[in-house]
Amino acid sequence: MGVSGWFRFKGRSLFSWAFTFQRLTGVVLLIYLLAHLTYLSTLLDTTGATYESMIAITVSRQFLIFDILLILCGVFHGVNGFRIILHEFGIAYGYRKPLLAIFIVIAVVVWLYASYIMYSLTGG
Amino acid sequence: MVEFKIRRYDGEKSYWQSFEVPAKRGMTVLEALYYIKENYDSSLAFRASCRMGICGSCAMKINDKPRLACETQVLTLGNTVKVEPLDNFKVIKDLITEFDGFFEKLKAVKPHLIRKDDNYAEPKELLQTPEELNEYYVFTLCIKCGACYSVCPAAATLDEYLGPAAMTAAYRFCADSRDEGQKERYEIASSPNGVWRCHLAMECSEVCPKNVEPAKAVQLLRRKTAFSMLKSLLGW
Amino acid sequence: MKVYHDIVVVGSGLAGLRAAIAAAEKNRNLSVAIVSKTYLIRCHSVCAEGGINTVLRETDEFDTHAWDTVKGSDFLADQDAVEFFVREVPTEILRLNSWGCPWSRDDSGKIAQRILGGHSSGRTVFAADRTGFHITHTLYERLLTYPNVDKYEEYFVTNLVVEDDTVKGIAAIELKTGELVFFEAKAVILATGGAGRLYGFTSCSHIVTGDGTALAYRAGVPLKDMEFVQFHPTGLVPAGGVLISEACRGEGGYLLNKNGERFMEKYAPEKMELAPRDIVARAIWTEILEGRGFDSDYGPYVALDLTHLGEDRIKERLPLIREASIKFAGIDPVEEPIPVRPTVHYFMGGIHTNSRSETPIKGLYAAGECACVSIHGANRLGGNALAECLVFGRVAGELAAEYALNAKQGKISAEFRQKEEKRIFDDLLGKSGDESPYQIKKELNETMENYFWIFREGDGMLKGVKKIQELKERYKNVEINDKSRDFNTDLTSAIEIGYMLDLAEVVAIGALKRQESRGAHYRLDYPKRDDENWLKHTLAYYTPEGPKFDYKPVSITKWEPVERKY
């Protein structure tokens, strides 16, 4: 079947959506992290000017959409990951449905708030 | 009239085929399949036996969800019913999938009571209180239909993964007060194809037609396995 | 292809599993094969709900269990077999316990017992209302521990090879490949279950087509008492007869006719809905015959009304019945009555064996519903079927093992193998014709339901016999549309229908010949039991022209026949 098995959610419950999203965001974060670290480790400029100019690009209106998506990935992966850790070893298994709903709401709220801050920072 | 769109496979190619079935109240998907077999196309192959939801033969994907055909009412599904074989199993013909591997995995977890005093000739009455029985009873209800395995993302990417049904069976015996074989099973469960492969997608519990809650069983087995490993590491 | 085993067990229900375990346990060097047309746990045994009768505690006695069984059988049971049987059950229960069966328990942790209809005390052990399911799974799991047992799952048996009154092996189609496989064996145990699918309206699984019984019959083993067919009074009507358990009536459900009357007051004023199965079944059918039943797309029915019990009580006490009725029939018993009518439940008759599971053929054993020992006689008591499978499955397994240790390996000749290949693949699969096997099955079901149902009578049965013989003729001309080899369920269904036609003829002629009413066999033209002429077993022998009948006396040890009253 291969990894395509992770992306079948026709007819599936919200749990499968959460799983698929967790995988997807995980991959995105991994790629981001690698790029981030690679970039930082190749910086030769000791004054920090190159770094500052890079930050200036990312905190800009044109870049906002990527920022917001990146925040979504981070927030969802973190919040949903916390939910999964909670359920590890069968704990709170009986509450898995309400917990899923609560954690998704938390993720969305945190994401919207963070997006708003990012929006403000980019001069809104 | 309800349109049945059936995913067929003849050993070489797979294709969709549609049939019109006169549905009435009370008709199940399994009865509709028999109607098609006996009136339109007798080459249609599917498994069925008890038609009362206990033998586990007729699990298939009906409108994208794995269900038992015998306990799914046609009229609850709308005007079009899509029927496909289960995912994560190799298709042999039409709706029939290869289950040999599934049962091999079940066997691999030693799903039977292990006791040192096993005495075939003169068994004695082992006691068990209703509370002890309730500890594991729900996990004995598994009919091995394969629905859980078909939606498991871990099984989708790793053929050797034991899967929810087998591990539920393993936990069912580990939690039985009469059993003395926990250690052997924890070793199997902590193998690379065991409990640690579960990603908690928990879809297995959502589709189980008997509400056995395999996701819970896998996690409880994971807990027991982890504690047992910890104990042996610390030398307790 | 040819394979060799010391013992081949055909059928994977309770009796088959138990026989395989017994044989494998007897001697670990014996190689045992278990052959089944489904995966092992997909058998019909998993459908059994009620429980197993056994004398487990000191308050009960073997003789009372035996007496209840003999009385229940309307005195047609062989009493020596019954006496042996009741003494063997308790050990089986304890064995299952130590193999992991989740028996329901009392507070002290002992195995709990409850009472079923027709018993004088509570001696039925149970595992919730899924007794058959749990025992089957327990045996299956135990079976996995024997390295000397090979499982052949999804092999459809086509022939039983007998030469010089000795069994040589079997032939079976491996469904996945469509290849014919020949099993050469020293001993063969048949445990293929009943033949409930002779009737369209039945509580039996789709696979209950009497394969082994028909094969034994064709191979020359007589069939015993096939005319006795048990009806369960309440089968769910839109679902083709799925069982609605007696618990509904136990909880206070009413049986109502079209006029809204609780008609049981006419038939059993004291016990009302809780009268024995055969009485309730006959009462329901009388109401339907006399036009007081309801009509539906799925045939006539009476109403099993639970609505007056209230939603809470139904949800608390009868959750499974509510679930079944919603899932299988789309009807919620909280809101409307459940449509029911009597459903074919069990075949008392079967392959003739002695009280130790041995058939007249050397090396051939039979156990379970496909066999007739007979401990059920003319009417089986609820809770005795599972017990029979365990006890006689074990006996068959052990005796087959003993026999196999000293027997020569069976040989199936090349000539026979070619003949069988030709019979299945050229003469049946390859040929063209103008009959549909499914049409024949439909007409067979109708015939059985019209003439060999709860009430039988001479003229009707004569018509029925003629019709069955006509169907047998037409069957010679069937065409199988699916010409492929792999997993050809079209072919196997057609073969099953062939088996059923043979058995139907035996049931029909046997019923026509038995001029009395006894147990489940009720004749309007002979409404009384006739011990003078008919206290004997029917034996049907295969001949190409149709069955030849003979009779055999009933073994009576302790209990002379008296009137059967409850």
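Student: Before we start, what counts as a polar contact here?
Tutor: A polar contact is a pair of N or O atoms within 3.5 Å, where, within protein, one must be able to donate a hydrogen and the other to accept it. Keep in mind that this is a predicted model.

Student: OK, so how many residue pairs are in polar contact across the interface of chain B and chain A?
Tutor: The rule finds eight such residue pairs between chain B and chain A, both residues being at pLDDT 80 or more. On the side of chain B that touches chain A, the elements giving two or more residues are helices H4 (147–151), H5 (153–157), H8 (203–207) and H9 (214–234), and H9(B) has the largest share, with seven residues.

Student: And how many salt bridges?
Tutor: Five are found across the interface of chain B and chain A; in one formed by B:Arg222 with A:Glu88, the closest N and O atoms are 2.4 Å apart.

Student: What area is buried between chain B and chain A?
Tutor: About 2,200 Å², with carbon and sulfur atoms giving 56% of that area. Of the area that chain B buries against chain A, 22% is supplied by B:Met202, B:Glu203 and B:Glu206, more than by any other three residues.

Student: Switching topic, what is the volume of the second largest pocket?
Tutor: The second largest pocket has a volume of about 1,300 Å³, and of the 35 residues that line it, the closest to its centre are B:Glu38, C:Gly200, C:Gly240, C:Lys442 and C:Asn445.

Student: Which element gives the most to that lining?
Tutor: H13(C) does, with eight residues, and by class the lining of the second largest pocket has 14 nonpolar, 10 polar and 11 charged residues.

How values were computed:
Residues numbered from 1 in each chain as written. Chains lettered and ligands numbered in written order. Predicted model: local features only at pLDDT ≥ 70, side-chain atom pairs only at ≥ 80, totals over all residues. Heavy atoms only, no water. 1 Å grid on protein atoms, 1.4 Å probe; cavity = no way out; pocket = protein on both sides within 12 Å on 5 of 7 lines; lining within 4 Å. Points joined across faces, edges and corners; volume = space filled by probe spheres on them. Helix = DSSP H or I, 4+ residues; strand = E, 2+ residues; numbered from the N terminus. Nonpolar A, V, L, I, M, F, W, Y, C, P; charged D, E, K, R; others polar. Buried area = accessible area lost by both parts, 1.4 Å probe. Salt bridge = Lys/Arg side-chain N within 4 Å of Asp/Glu carboxyl O. Polar contact = N/O pair within 3.5 Å; in protein donor to acceptor, adjacent residues only side chain to side chain.
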